[in-house]
Amino acid sequence: MKIYLVKPDLMYFEQYNEMMEEWINSNTQIAPWFLERPFQTIAEFAQFIRMLNDIEHGIVDKKFASSTSYFAIDENDNLIGAGSLRHYLTEDGLHSWGHTGYGVRPSERKKGYATQIEKCLLEEAKKRHIRRVLVGVHESNTGSIRVIEKCGGRLENIVSFEEDPILIRRYWIDNR
């Protein structure tokens, strides 16, 4: 089934909460960065969407990069996961995670959706004239390593940070 990227919207309130409950119950890493928790009210969810819109338009602390957040949906408008595209790299981004991040809800994994999400993010990067895309992944995340390599990622290095003891593999993708 084909995956599409859409901007977060109030129509996904219930599906978002279901996805986040599933993620929390799975005890697996939640990604990308902007996914955090279920929301009690639609008003809280609307505030969350406004925050993501502000970040996309550069209304953000200067130490963070502007980024666009997406929900990944299938042809039936089911929320499968999410993706994020940093518009540029800050000092922190240059040394760790990079431009793109994605995640697939636990019940939808191992169906090729992560590869589709990353390819869609690479298309969005092209629209922003980002020709070299940096992607970081925990060394233990073999599924995402395969996705990044399938999308043309070439390993640059493996780094670690004090706040995260797990090694991070850093890949560059030529996005021309």
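Which residues form a nonpolar patch on the surface? In this predicted model, the patch consists of Leu155, Ile158 and Leu167, which together have about 230 Å² of accessible area. Ile158 belongs to strand E6, residues 154-161. Ile158 has a relative accessible area of 38% and is partly exposed, because that class covers values between the 20% limit for buried and the 50% limit for exposed.

From the surface, the description turns to the interior. The largest nonpolar core has 25 residues, and those touching the most other members are Leu5, Tyr102, Ile117, Leu121, Val133, Ile148 and Ile173. Two or more residues of this core come from each of strand E1 (3-6), E2, E3, E4, helix H4 (113-127), strand E5 (132-138), helix H5 (142-150) and strand E7 (164-174). H4 contributes seven residues, the most of any element. For Ile173, contacts beyond the neighbours within four places in sequence include Val133, Val135 and Ile148, along with Glu118, Leu122, Arg131 and Arg132. Cys151, Gly152 and Gly153 are also in contact with Ile173.

A second core, separate from this one, has 17 residues, among them Tyr16, Phe48, Ile73 and Ala82. Tyr16 is also one of the buried residues of helix H1, together with Phe13, Gln15, Asn17, Met19, Met20 and Trp23. The buried residues of H1 pack against helix H2 (42-56) and against three strands: E2 (67-74), E3 (79-86) and E4 (100-104).

H1 itself spans residues 13-26, 14 residues in total, and its first and last C-alpha atoms are 20 Å apart, close to the 20 Å expected at 1.5 Å a residue. After H1 comes Asn27, which has a positive phi near 55°.

Terms used:
Residues are numbered from 1 along each chain as its sequence is written. This is a predicted model: local features need pLDDT of at least 70, side-chain atom pairs count only at pLDDT 80 or more; totals for chains, interfaces and linings use all residues. Side-chain values use heavy atoms; hydrogens and water are left out. Patches are made of residues with over 30% relative accessible area and no salt bridge: like charges are joined within 9 Å, nonpolar side chains (Val, Leu, Ile, Met, Phe, Trp, Tyr) within 5 Å. Accessible areas come from the Shrake-Rupley method with a 1.4 Å probe; for residues, only the protein chains shown count as cover. A salt bridge is a side-chain nitrogen of Lys or Arg within 4 Å of a carboxyl oxygen of Asp or Glu. Helices (H or I, at least four residues) and strands (E, at least two) are DSSP runs, numbered from the N terminus. Buried means under 20% relative accessible area, exposed over 50%, partly exposed in between (1.4 Å probe, protein chains only). The expected span of a helix is 1.5 Å times one less than its number of residues. Contact means heavy atoms within 4.5 Å. A nonpolar core is a set of buried Ala, Val, Leu, Ile, Met, Phe, Trp, Tyr and Cys residues joined through side-chain atoms within 4.5 Å.
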